[in-house]
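Dear colleague,

I am passing this structure on to you, and my notes on what was found follow below it. Please read them with the structure open beside you.

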Amino acid sequence: MISISVMALVFGVVFLAELPDKTALAGLVLGTRYRASYVFVGVAAAFVVHVVLAVAAGSVLTLLPQQLLHALTGVLFLGGAAMLLLKGGEGEEEVREPKDQSFWKVSGAGFMLILVAEFGDLTQIMTANLAARYDDPLSVGLGAVLALWAVAGLGIVGGKALMKRVPLSLITKVAALLMLGLGLWSLYEAIA
C-alpha cells in the first residue's frame, strides 16, 4: 500500500534539495540544445536507476536497531542540511553534445550525464535515509522519482524563468531547514 503522506513528504524534501543542484542546470543546457522529450526520457531513466539503488540501500539500513537507525539518519540529515548551506552556488558543469539529434544519442547523453553526475549525490543519500526512516520503499521511491522528474522537467522546459522568479538562495535555505528539522526529529527519536 502506498502512503500518500510519506510520498508527499519525500517529494517535497527531494524536490527542494534537487532544485538548486546541477540537475536543473544540466537539464536546462540539454533542453536548449536538443528536443526536450528526448532529453527527458534519458534523464528520467537515469533517475529511476538512482532511486532504486538508494531505496535498496535504505532498506538494508532498516535491519539496524531502531535507536541506532534514528541516530544515523539524524546525523546524515544534519550533514545534508550543512552541505546545502555551505556549498554555495556551484558552477555549471560541462555538457558533451552528441554528434547528431537522434533519439538514442540525445536520450543516451542525458542518461549518462545524470547517471555519472548524480551518483552518490545528496538527494540519493537523502532518499536512502528516507527509505530507512519510513520503511516504506514504494512510497519513498515514488516520491523521490516524481520529485526528480519534476526538477528535471522544470530544468529542461523552464528552469531559467523559475530561477528569475525564485531566488536560488531561498530554495536552498528552505531545503536545508526541512533537512535540519528531519535530522533533529530523528535524533530526538533516537534519544527518546
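**Helix α5 and its partner**

In α5 of this predicted model, the residues V106, S107, A109, G110, L113 and I114 are buried, where buried means under 20% relative accessible area and exposed over 50%, with partly exposed in between (1.4 Å probe, protein chains only). Because these residues cover an arc of only 150° around the axis, they lie on the same side of α5, the arc being that of the directions from the helix axis to the C-beta atoms. On the other side of α5, W104 and V116 are exposed.

Helix α3 (residues 36–61) packs with α5 at an angle of about 35°, and their axes are 7 Å apart; axes here are lines fitted to C-alpha atoms, for helices over the stretch in contact, and angles run from 0 to 180 degrees between N-to-C directions. Where the two helices meet, the α3 residues include Y38, V39, G42 and A46, and those of α5 include V106, S107, G110 and I114, with contact meaning heavy atoms within 4.5 Å.

As for the whole protein, its secondary structure comes to 8 helices and 0 strands, counted as DSSP runs (helices H or I, at least four residues; strands E, at least two) and numbered from the N terminus. Buried residues make up 45% of its 192 residues.

Residues are numbered from 1 along each chain as its sequence is written. Local features need pLDDT of at least 70 and side-chain atom pairs count only at pLDDT 80 or more, whereas totals for chains, interfaces and linings use all residues, and side-chain values use heavy atoms, with hydrogens and water left out.

With best wishes
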